[in-house]
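Colleague: I've got the model open on my screen and I'd like a close look at one part of the story: the side chains and what they pair up with. Take me through it slowly, please.

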Amino acid sequence: MTFHRPFAQIDVFTAVPGYGNPVAVVLDGHGLDDAAMQRFARWTNLSETTFVLPPTDAAADYALRIFTPGGELPFAGHPTLGSCFAWLAAGGQPKSRDQIVQQCAKGLVRIRQEGGRLAFAAPPVRCTAPAPDLLARVAQAMNLRAEQIVRAQELDNGPVWLTLQLESADAVLAVEPDHAQLAAHGYKVGILGVYESADNPLISRSSREAKAFASALQRADAPLIEVRAFAASTGVPEDPVTGSLNASLAQWLTGEKELPPTYVASQGTVLGREGRVHVQRDETGQVWVGGDCVSCIEGKVLL
């Protein structure tokens, strides 16, 4: 039996509709089985579709299931922020004044409000050096030469991203991957590069101190890095703006002091988007990943 269920489509990591990453949010997923959720996620054809459910953990405010067109994810960043935004807008009342707690397959995820912006606490990440043969295969699929890759790491915070830092933001913007090869390998690949400009004068790749502290010289709203995310193996050739990838690469590179503790990442430029991801590593070492959200569609869906 189908029902009319409250629904919202939220654009995440932007304050301007159409310039971030949309997520479809079914605000009442009660009674839907896995097949129905997956079928609807394929139908929306967005990078992620979520279903809000009552929590089974007493510490959580709500539970969330997250689907791509190709399968379910244990955690994802922009669906976390967009679903929380939709839940609050629909009248959700968190148990705590200080934070909202989301339950998902990865566990409990804390979300805080910073003025009008939401930010999630990045879940623990496991970092693994990729095997040389794997890195070579992925570099070939990405149409990259070995010398263009500054460093690489396999990052797992629920989703697994093989993450490559390239020589510059311009190099990131110029990448034209072979999506069929990436899908065949079964790997999701993230790439990033640092901007070098008058507003963001990171002097050279060899200057570690310049990289770590140049944010003090840049405008507060200027992006420090450009990020791209390729997930053809899940049915998403290129994701417009990716919270999970930005979270894990921030944990990796701020931990190694290759990036400063506070910065803004740009993502989606090649796709005509203007995603802005606000990253902060606090004094305890916790990385927070935040962004603006805006509601684009509100209503009901027959499911």
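Modeller: Sure, and one term before we start: a helix here is a DSSP run of H or I that is at least four residues long, and helices are numbered from the N terminus. Also keep in mind that this is a predicted model.

Let's begin with a pair inside one helix. Asp133 and Arg137 make a salt bridge, with their closest N and O atoms 3.5 Å apart. Both residues sit in helix α3 (residues 132-141), and because they are four residues apart there, about one helical turn separates them. Asp133 is partly exposed, with 48% relative accessibility, and Arg137 is partly exposed too, at 37%.

How many salt bridges turn up in the whole structure? A full search finds nine. The general idea is simple: side chains of opposite charge can pair when their charged atoms come close.

Now for one that spans much of the sequence. Arg117 and Asp292 meet through their side chains in a salt bridge, at 3.6 Å from N to O. Arg117 belongs to strand β8 (residues 117-121), while Asp292 is in the loop between β17 (287-291) and β18 (293-302), so this pair ties together parts that lie 175 residues apart in sequence. Arg117 is partly exposed, with a relative accessible area of 24%, and Asp292 falls into that class as well, at 23%.

Are the partners in the next pair, Arg228 and Glu238, buried or exposed? Arg228 is buried, at 5% relative accessible area, and Glu238 counts as buried at 15%; the cut-off for buried is under 20%. Their salt bridge has its closest N and O atoms 2.8 Å apart. Arg228 is in strand β13 (residues 225-231) and Glu238 in strand β14 (residues 236-239), so the bridge ties together parts that are ten residues apart in sequence. There's also a network to look for: Asp34, Arg65 and Glu72 are joined by salt bridges that share partners.

On to the rings. The structure holds six aromatic pairs. In one of them, Phe51 and Phe67 have ring centres 5.8 Å apart and planes at 85 degrees; the cut-off for edge-to-face is over 60 degrees, so the pair is edge-to-face. This pair links distant parts of the chain, with Phe51 in strand β3 (residues 49-53) and Phe67 in strand β4 (residues 62-68), 16 residues apart. Phe51 is buried, with 0% relative accessibility, and Phe67 is buried at 2%.

Strand β4 has a part in another aromatic pair, the one between Tyr62 and Trp87. Here the geometry is tilted, at 4.9 Å centre to centre with 40 degrees between the planes. Trp87 is in helix α2, so the pair ties together parts that are 25 residues apart in sequence. Tyr62 is buried, at 1% relative accessible area, and Trp87 counts as buried at 12%.

If you go back to Phe51 and Phe67, you'll find they belong to one aromatic cluster with Phe7, Phe40 and Trp43. Charges sit over rings in this model as well. Arg112 lies over the face of Trp288, 4.0 Å from the ring centre, and Lys188 lies over the face of Trp161, at 5.6 Å.

What about the nonpolar side chains? In soluble globular proteins, they tend to be buried together. In this model the largest nonpolar core has 50 residues, and Ile225, Leu249 and Tyr263 are those with the most contacts inside it. Helix α7 (residues 243-255) gives the largest share of this core, six residues. Another core, of 18 residues, lies apart from it, and includes Ile149, Val172, Ile191 and Phe230.

Tyr263 is worth clicking on. Not counting neighbours within four places in sequence, Tyr263 is in contact with Leu224, Ile225, Asn246, Leu249, Ala250, Thr254, Val277, His278 and Val279.

For contrast, finish with Ala90, in the loop between α2 (77-89) and β6 (100-104). Ala90 counts as exposed, at 57% relative accessibility, because the cut-off for exposed is over 50%. From Ala90 to Val289, 199 residues apart along the chain, the C-alpha atoms are separated by 23 Å.

Definitions and conventions
Residues are numbered from 1 along each chain as its sequence is written. This is a predicted model: local features need pLDDT of at least 70, side-chain atom pairs count only at pLDDT 80 or more; totals for chains, interfaces and linings use all residues. Side-chain values use heavy atoms; hydrogens and water are left out. A nonpolar core is a set of buried Ala, Val, Leu, Ile, Met, Phe, Trp, Tyr and Cys residues joined through side-chain atoms within 4.5 Å. Buried means under 20% relative accessible area, exposed over 50%, partly exposed in between (1.4 Å probe, protein chains only). Helices (H or I, at least four residues) and strands (E, at least two) are DSSP runs, numbered from the N terminus. Contact means heavy atoms within 4.5 Å. A salt bridge is a side-chain nitrogen of Lys or Arg within 4 Å of a carboxyl oxygen of Asp or Glu. Rings of Phe, Tyr and Trp (its six-membered ring) pair if their centres lie within 6.5 Å; planes under 30 degrees apart count as stacked, over 60 as edge-to-face and the rest as tilted. A charge sits over a ring if NZ of Lys or CZ of Arg is within 6 Å of the ring centre and within 35 degrees of the ring normal.
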